[in-house]
Amino acid sequence: MKYLVLLIVLVVAIGIWRSRRAPDASRDKSTPTPLALPQDMLACAHCGIHIPQAEALMLGNYAYCSAEHRRLGPA
């Protein structure tokens, strides 16, 4: 009988310990990562593929997807 009481006390203690610990762990996981801001998309003047403005290679008013296309110029 005393083992049954000890087991119940142990289960209740573990339950209380886990319930107090759960909000701290879920608070860290629930913090959303900031989303990246949208970027303008530019068409390559040579092949027409669309690339983000941050990755485009500019030559004058023309945007290119690679150095090779920039070298070849507009199509």
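1. Pro52 is a reasonable place to begin reading this predicted model: the residue is partly exposed, because its relative accessible area is 21%, a value that falls between the cut-off of under 20% for buried residues and that of over 50% for exposed ones. Pro52 belongs to strand β2, which covers residues 50–52. Leaving aside residues up to four places away in sequence, Pro52 touches Gln39, Asp40 and Met41. The C-alpha atom of Pro52 is also separated by 9.3 Å from that of Pro38, a residue 14 positions away along the chain.

2. Gln53 continues the same topic, but in a loop, namely the one between β2 and β3, the latter being residues 57–59. With a relative accessibility of 43%, Gln53 counts as partly exposed. Its contacts, again not counting residues up to four places away in sequence, are with Gln39, Asp40 and Leu42. Gln39 and Asp40 are thus touched by Pro52 and also by Gln53, whereas Met41 is listed for Pro52 and Leu42 for Gln53. In the other direction along the chain, the C-alpha atoms of Gln53 and Tyr64, which are 11 residues apart in sequence, lie 9.8 Å from each other.

3. For orientation, the protein contains two helices and four strands, and these elements follow one another from the N terminus in the order α-β-β-β-β-α. Of its 75 residues, 9% count as buried. The accessible surface amounts to about 6,600 Å², and carbon and sulfur atoms account for 64% of that area. Where contacts between residues at least 6 apart in sequence are considered, 13% of them join residues at least 24 apart.

4. Helix α2, made of residues 67–72, holds His69, and here the reader may ask whether this side chain is buried or exposed. His69 is buried, because its relative accessible area is 18%, and the cut-off for that class is under 20%. Outside the residues up to four places away in sequence, His69 touches Cys44, His46, Cys47 and Tyr64. Tyr64, which appears among these contacts of His69, is also the residue whose C-alpha atom is separated by 9.8 Å from that of Gln53.

5. The structure holds one salt bridge, and the partners are Glu68 and Arg71, whose closest N and O atoms are 2.6 Å apart. Why are Glu68 and Arg71 separated by about one helical turn? The two residues are three positions apart in helix α2, and therefore about one turn of the helix separates them. The partners fall into separate accessibility classes, since Glu68 is partly exposed at 41% relative accessibility, while Arg71 counts as exposed at 59%.

6. Leu72 is likewise found in helix α2, and this residue is partly exposed, with a relative accessible area of 45%. The C-alpha atom of Leu72 is separated by 9.9 Å from that of Ala45, although the two residues are 27 positions apart along the chain.

7. At the other end of the chain, Ile16 is found in helix α1, which comprises residues 2–29, and counts as partly exposed at 43% relative accessibility. Which residues make the nonpolar surface patch of about 720 Å²? Met1, Leu4, Leu7, Ile8, Val11, Val12 and Ile16 together make this patch. The partial exposure of Ile16 fits its membership, because residues of such patches need over 30% relative accessible area, and Ile16 has 43%.

8. A last point concerns the aromatic rings. How many aromatic pairs does the count come to? The count comes to zero, where a pair of Phe, Tyr or Trp rings would need centres within 6.5 Å. A ring does take part in another arrangement, however, in that Lys2 lies over the face of Tyr3, at 5.8 Å from the ring centre.

Methods
Residues numbered from 1 in each chain as written. Predicted model: local features only at pLDDT ≥ 70, side-chain atom pairs only at ≥ 80, totals over all residues. Heavy atoms only, no water. Patch = residues over 30% accessible without salt bridge, like charges linked within 9 Å, V, L, I, M, F, W, Y side chains within 5 Å. Areas by Shrake-Rupley, 256 points an atom, 1.4 Å probe, with all protein chains shown as cover. Salt bridge = Lys/Arg side-chain N within 4 Å of Asp/Glu carboxyl O. Buried < 20%, exposed > 50% of the residue type's maximum accessible area, 1.4 Å probe, protein only. Contact = heavy atoms within 4.5 Å. Phe/Tyr/Trp six-rings, centres within 6.5 Å; stacked < 30°, edge-to-face > 60°. Lys NZ or Arg CZ within 6 Å of the ring centre and 35° of its normal.
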